[in-house]
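Let's walk through this model together, one question at a time. Have the viewer open and follow along.

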Amino acid sequence: MNNTFVKDGKPFRYISGSIHYSRVPYEYWEDRLAKMYAAGLDAIQVYVTWNTHEPSPGVYDFSHQQDVVGFLRLAQKLGLLVILRPGPYICAEWEYGGFPAWLLREDGDVKVRTMDPRYISAMDRWLNVFLPKMAPLLYVNGGPIIMVQVENEYGSYYANDRLYTRHLRNEFTRYLGEDVLLFTTDGDSIGYLNSGTIDGVYPTVDFGPGNASAAFESMKTWNIQGPLVNSEFYAGWLDLWGKAHSRTSTKSIVDTLRQILDMGASVNFYMFEGGTNFGYMNGAEAGGGLCITSYDYDAPLSEAGDITPKYLAIRDTISKYKKLPPVKIPPSTLKYAYGTVKMAYVKGVLDALPVIGPPQPITSQYPLSMEQVGQNYGFILYRHLLKTTYPSAVLKADGIRDRGYVFVDGMFRGLLDRYGTTSFNLLAVEGQELSILVENQGRINFGSQILNNRKGIISSVTLGGDTLVDWQMFPLNFERLFEMQGLDNKLRFQSAPVTHSQLSPAIYTGQFVLPNVPDMPKDTYLNMQGWFKGQAFLNGFNLGRYWPVRGPQVTLYVPKTVLKPSPAQNVLVMVELDRAPCDGHSTEPCTVTFVESPILNKTATSSVTHSDTWLDKGKLSVEYSVDFEQLLP
Ligand SMILES: CCCC/N=C1\SC[C@@H]2[C@H](O)[C@H](O)[C@@H](O)CN12
């Protein structure tokens, strides 16, 4: 049989959809998978996120949110086959393209996706742990996995290291056996296929709505007799802070889908269910394109797993090519508008160091990167005691990765931004303390710049041309604000009249009890309108980054799985890096509102990255305090 896959001795064409288990709360996996099955999909396509499974070298996590075996078994139980994409590079607008940040600890830029021995030894060790877990799940062994992708769009990568791609193929074969169908995916052009294909591995392409026949031409040059496959049919697209929300028309998708299915080709929707970049796990593009927290992707299933008109149109189209399963479409989850919550100023980030910082700083003559001090994500504080007086000198930090909030003796003095200004004039006196709070905004996940992915401060800092030496580094962990047990439980954030002018970066908190009605909790969205930029945590769960002043995302998805039913207190903590509504620059109160619909399409104002009254914080003070202990669950 030509031009077709064969499964159980019969011609087999699949219609598949991408879902990433790392982006959907594990308590909701079954809900999303059941909706994908009800849409008429034969299979799901799944990336494996190496960096969530090996948080530290040789330390592995396959539990709860990382229970990838459980996720795949659940798919099988629901009648779905699996197209597995273990990478280990996955791109995916995911932090560092799925690579663990600790690869960057070693000196020199590790050349990922090549035969660089530092990379290969870590990768081989990972595959030696992971792939044996997948062998029992192969279709030939009674599992759901019908095919496995080797690497990811390698034809788009500069290195063109064929020894590496063959090594990876051989490792997959060694652990998974000869009976598994290995494939590659590359852009639909001869150039990409020339570099991305691997001997003995089935080449496929990816493309979005348009002329499917033309798109497949490039693939036909490689496997005239083989089945046509679009491994990433873009039913939507990624979103970046400061850019308009991406939309892909349903008509264009249905038109192209019909072309693909009429050709007898197999197809995978990228994405079918996008989900969320919770925590710090968004990726980035070289040049400053920062992926937003939502991975809604304008996909057929929304970020919250809601049924959309696009879903129904695709399902209806599929029904013209195959019999739909005799199941009802599971309903969208219910949402609830819990209303407005008053947020109270707790403490400036610098003043919260006893709680969110390490017992002792790391010291070094020159600044060490985040990875060199053993930290992977989030925020790190750098400190230097000034040894000279500079009436007015240029502070310069070209190695800021990515944004640095600069203070002198706790007084805010300005912003360093790798994608904006990395120097400004500073007045400083011998004996004063220079502090730089640095935010890692997510590592680049595509292209050759993936090699230069260290975070924190990665080169010398100069003041008036003098290189500043003797630094302290404080890796920060905001989740510790919820772990008060064992710490001084009398820890109170009494914010007496502010001794320094800085309200942000600062910690704000609020508490609320859900309504005492049946069927609580329900999903909701946190509307951050009026706030500028920061990180939100609910009951210790890191909801992700917010940047409503920039857009297009204004709300954060809050799955019911992080909420506590009445009478428990729900504690929201926000680390506001720029301006809070109540910090005196406006008459607005410091509140947030839980609403039942998302806002992902605010008119983006890409030029605005921080408040325009940025440096007038010196005039502000705050007269109320919050006993943080009372807020704790
Ligand atoms: C022009 C840039 C091509 C980079 N490839 C992309 S951007 C969106 C998607 C996802 O990242 C997906 O993980 C990639 O395989 C293909 N792709």
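Q: How do the residues of the shell around the ligand divide into nonpolar, polar and charged?
A: This is a predicted model, and its ligand has 14 residues around it. Sorted by side-chain class, that shell is made up of 10 nonpolar, 1 polar and 3 charged residues.

Q: Which residues come nearest to the ligand?
A: Start from the 14 residues around the ligand. Five of these come nearest, and they are Tyr 47, Ala 92, Glu 93, Asn 152 and Glu 232.

Q: How far is an oxygen atom of the ligand from an N or O atom in the side chain of Glu 232?
A: A polar contact needs a pair of N or O atoms within 3.5 Å. Glu 93 provides a polar side-chain atom 2.6 Å from an oxygen atom of the ligand, and Tyr 270 has one at 3.4 Å from a ligand oxygen. For the side chain of Glu 232, the distance to an oxygen atom of the ligand is 2.7 Å.

Q: What percentage of the ligand's exposed area does the protein bury?
A: Picture the ligand taken alone, where it exposes 410 Å². Of that area, the protein buries 77%.

Q: Where is Glu 93 in the chain?
A: Glu 93 is worth a look for its backbone too: it has a positive phi of about 55° although it is not a glycine. Pro 88, which follows a cis peptide bond from Gly 87 with omega near 10°, is found between β5 (81-85) and α4 (117-134). Glu 93 likewise has its place in the loop between β5 and α4.

Q: In which loop is the place of Pro 567?
A: Look for the peptide bond from Ser 566 to Pro 567, which is cis with omega near 10°. The place of Pro 567 is the loop between β31 (555-558) and β32 (570-576).

Q: How much of the chain over residues 505-566 is strand?
A: An unreviewed UniProt entry annotates residues 505-566 as "domain: Beta-galactosidase galactose-binding". In the model, the end C-alpha atoms of this stretch are 32 Å apart. Its helix content is 0%, while its strand content is 42%.

Q: Over which residues does pLDDT stay under 50?
A: The mean pLDDT of the protein chain is 91, with 91% of residues at 70 or more, and the predictor gives the complex an ipTM of 0.99 and a pTM of 0.94. Where pLDDT is low, the predicted coordinates should not be read in detail. Stretches with pLDDT under 50 include residues 485-502 and residues 611-633.

Methods
Residues are numbered from 1 along each chain as its sequence is written. This is a predicted model: local features need pLDDT of at least 70, side-chain atom pairs count only at pLDDT 80 or more; totals for chains, interfaces and linings use all residues. Side-chain values use heavy atoms; hydrogens and water are left out. A residue is near a molecule or strand if one of its heavy atoms lies within 4 Å of it. A polar contact is a pair of N or O atoms within 3.5 Å; within protein, one must be able to donate a hydrogen and the other to accept it, and residues adjacent in sequence count only if both atoms are side-chain atoms. Accessible areas come from the Shrake-Rupley method with a 1.4 Å probe; for residues, only the protein chains shown count as cover. Ala, Val, Leu, Ile, Met, Phe, Trp, Tyr, Cys and Pro count as nonpolar, Asp, Glu, Lys and Arg as charged, and the others, Gly among them, as polar. pLDDT is the predictor's confidence in each residue, from 0 to 100. Contact means heavy atoms within 4.5 Å. UniProt positions are given in the numbering used here, feature names are shortened, and annotations may be inferred rather than shown by experiment. Helices (H or I, at least four residues) and strands (E, at least two) are DSSP runs, numbered from the N terminus.
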